[in-house]
Every structure is written in structure tokens, then in C-alpha cells.
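Welcome! Here is a short tour for anyone meeting this protein for the first time. Take a look at the structure, then follow the notes below.

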Amino acid sequence: MNEFITKLKSMKGLPIILLAALVGIVLIIIGSLNEADKNQKTQEKDITVMDGENSDEYAKSLESRLEELISKINGAGKVSVMVTLKSSGEYQYAQDKIGSGSEYVINEGSPVLLRLDYPGIAGIAVISENKNISESLKLELINMLSALLGISSNRIYVC
């Protein structure tokens, strides 16, 4: 054993090797503590209901797009569309939850939006200036609107 100690003492670069090994061990320990801290954080969703103004803007935007689309159909003429919403939309923002508190995840100064659920559509009314609109065209419009918006045909009125 004494021979081994004397050989170690005679090595010139030993302190540097020991110091490098010690620094490596410290970095590994710090890295594992950081990983444990990351695992302690859990991301959750914060749901915020869309306010009435944004819901109204959504409905008006939908109405104008539908008016433009329907007016392009031969025989429909100029139309007015009214969309009624059955609920408000919801925004879901990312949050970091640490212990009992939580904070929004911020990216470039704004909270991170995970998902936007638009309001559900309760019904649609389409009024054409063409008073002689055919029943087959009414049926085509109802089927088109039902397919586009994912609502049942009994929630669509065309005249």
C-alpha cells in the first residue's frame, strides 16, 4: 500500500486530474438537481372564456363569409345571413405549476395559447332577395351549410 501512495505522489499531473474529476462530479450533481426541478413543474391548461365582444366579432365574420359564398351560387341572389351562437368560445393558455402556485408560460411577451375553441353555432338564417328561390336550391344551401359548419339541417332556415 505504501508503494502505491509513493507512486501517486510522484505523478506530476495528478492534482489536475483529481481537480477535473471533482469538477465533473459537481457538474453531474448540478445537472441532476436541475432535472429534478424540471420534473417537479407540471404544465396545465388555464381556460379563459371568450368575452362577448370576441364572440360577436366571430359571428359577424362568419356571417360575412357565408353571405359572400352563398351569393356566388347561381339563383341565390344577394343574401343576408344571421348566425346565432350557443356558447362562448374558450382560450386555453399554457401554465407552469410549481407546488401550489402557477404562472402563465410567456413567449415573446405574450402568454402561450395552446388551443382556441370557437363558439358553437346554434342556428343560421339565410334570407335571399330573390323571392322566387327554388326548393331544390334551398335544400342545396341547407346541405352545404350543414356540411360546412357541422350543424344539423333543422338548425338552418333558408327563404
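A good place to begin is Lys86, which, apart from its neighbours within four places in sequence, is in contact with Gly120, Ile121 and Ala122. Please keep in mind as you read that this is a predicted model. The protein has 159 residues, of which 22% are buried, and the notes below move from Lys86 to the overall layout, the core, the surface and the paired side chains.

**Around Lys86**

- Lys86 sits in the loop between S2 and strand S3 (90-98).
- Its relative accessibility is 60%, and Lys86 counts as exposed because that value is over 50%.
- The C-alpha atoms of Lys86 and Pro119 are 6.9 Å apart, although 33 residues separate the two along the chain.

**Overall layout**

- The protein contains four helices and nine strands.
- Starting at the N terminus, you will meet the elements in the order α-α-β-α-β-β-β-β-β-β-β-α-β.
- Of the contacts in the protein with a separation of 6 or more, 71% are between residues 24 or more positions apart.
- The accessible surface is about 11500 Å², and carbon and sulfur atoms account for 56% of that surface.

**The largest nonpolar core**

- This core has 19 residues, and Ile70, Val81, Ile124, Val126 and Leu145 have the most contacts inside it.
- At least two core residues come from each of these elements: helix H3 (52-71), strand S2 (79-85), strand S8 (121-128), helix H4 (135-149) and strand S9 (156-158).
- H4 is the element that gives the most to this core, with five residues.
- What does Val81 touch, leaving aside its neighbours within four places in sequence? Val81 is in contact with Glu63, Leu66, Glu67, Ile70, Ile124, Ala125 and Val126.

**A nonpolar patch on the surface**

- Leu22, Val23, Val26, Leu27 and Ile30 together make a nonpolar surface patch of about 460 Å².
- Ile30 belongs to helix H2 (residues 14-40).
- With a relative accessible area of 48%, Ile30 is partly exposed.

**Aromatic pairs**

- Two aromatic pairs are present in the structure.
- One of them is formed by Tyr58 and Tyr118, which are stacked, with 4.8 Å from centre to centre and 25° between the planes.
- This pair links distant parts of the chain, since Tyr58 is in helix H3 while Tyr118 is in the loop between strand S7 (113-117) and S8, 60 residues apart.

**Salt bridges**

- How many salt bridges does a search of the whole structure find? There are three salt bridges.
- Lys72 forms a salt bridge with Glu68, and their closest N and O atoms are 3.7 Å apart. Lys72 is exposed, at 63% relative accessibility.
- Asp117 forms a salt bridge with Arg115, with 2.8 Å between the closest N and O atoms. Both count as partly exposed: Asp117 has 23% relative accessibility, and Arg115 has 41%.
- Lys138 forms a salt bridge with Glu135, where the closest N and O atoms are 3.4 Å apart. Both residues lie in helix H4, three residues apart, which is about one turn of the helix.

**A closer look at Lys138**

- Is Lys138 buried or exposed? Lys138 is buried because its relative accessible area of 19% is under 20%.
- Its salt-bridge partner Glu135 is exposed, with a relative accessible area of 58%.
- Beyond its neighbours within four places in sequence, Lys138 is in contact with Ile133, Val158 and Cys159.

Technical notes: Residues numbered from 1 in each chain as written. Predicted model: local features only at pLDDT ≥ 70, side-chain atom pairs only at ≥ 80, totals over all residues. Heavy atoms only, no water. Core = buried A, V, L, I, M, F, W, Y, C linked by side-chain atoms within 4.5 Å. Buried < 20%, exposed > 50% of the residue type's maximum accessible area, 1.4 Å probe, protein only. Contact = heavy atoms within 4.5 Å. Patch = residues over 30% accessible without salt bridge, like charges linked within 9 Å, V, L, I, M, F, W, Y side chains within 5 Å. Areas by Shrake-Rupley, 256 points an atom, 1.4 Å probe, with all protein chains shown as cover. Salt bridge = Lys/Arg side-chain N within 4 Å of Asp/Glu carboxyl O. Phe/Tyr/Trp six-rings, centres within 6.5 Å; stacked < 30°, edge-to-face > 60°.
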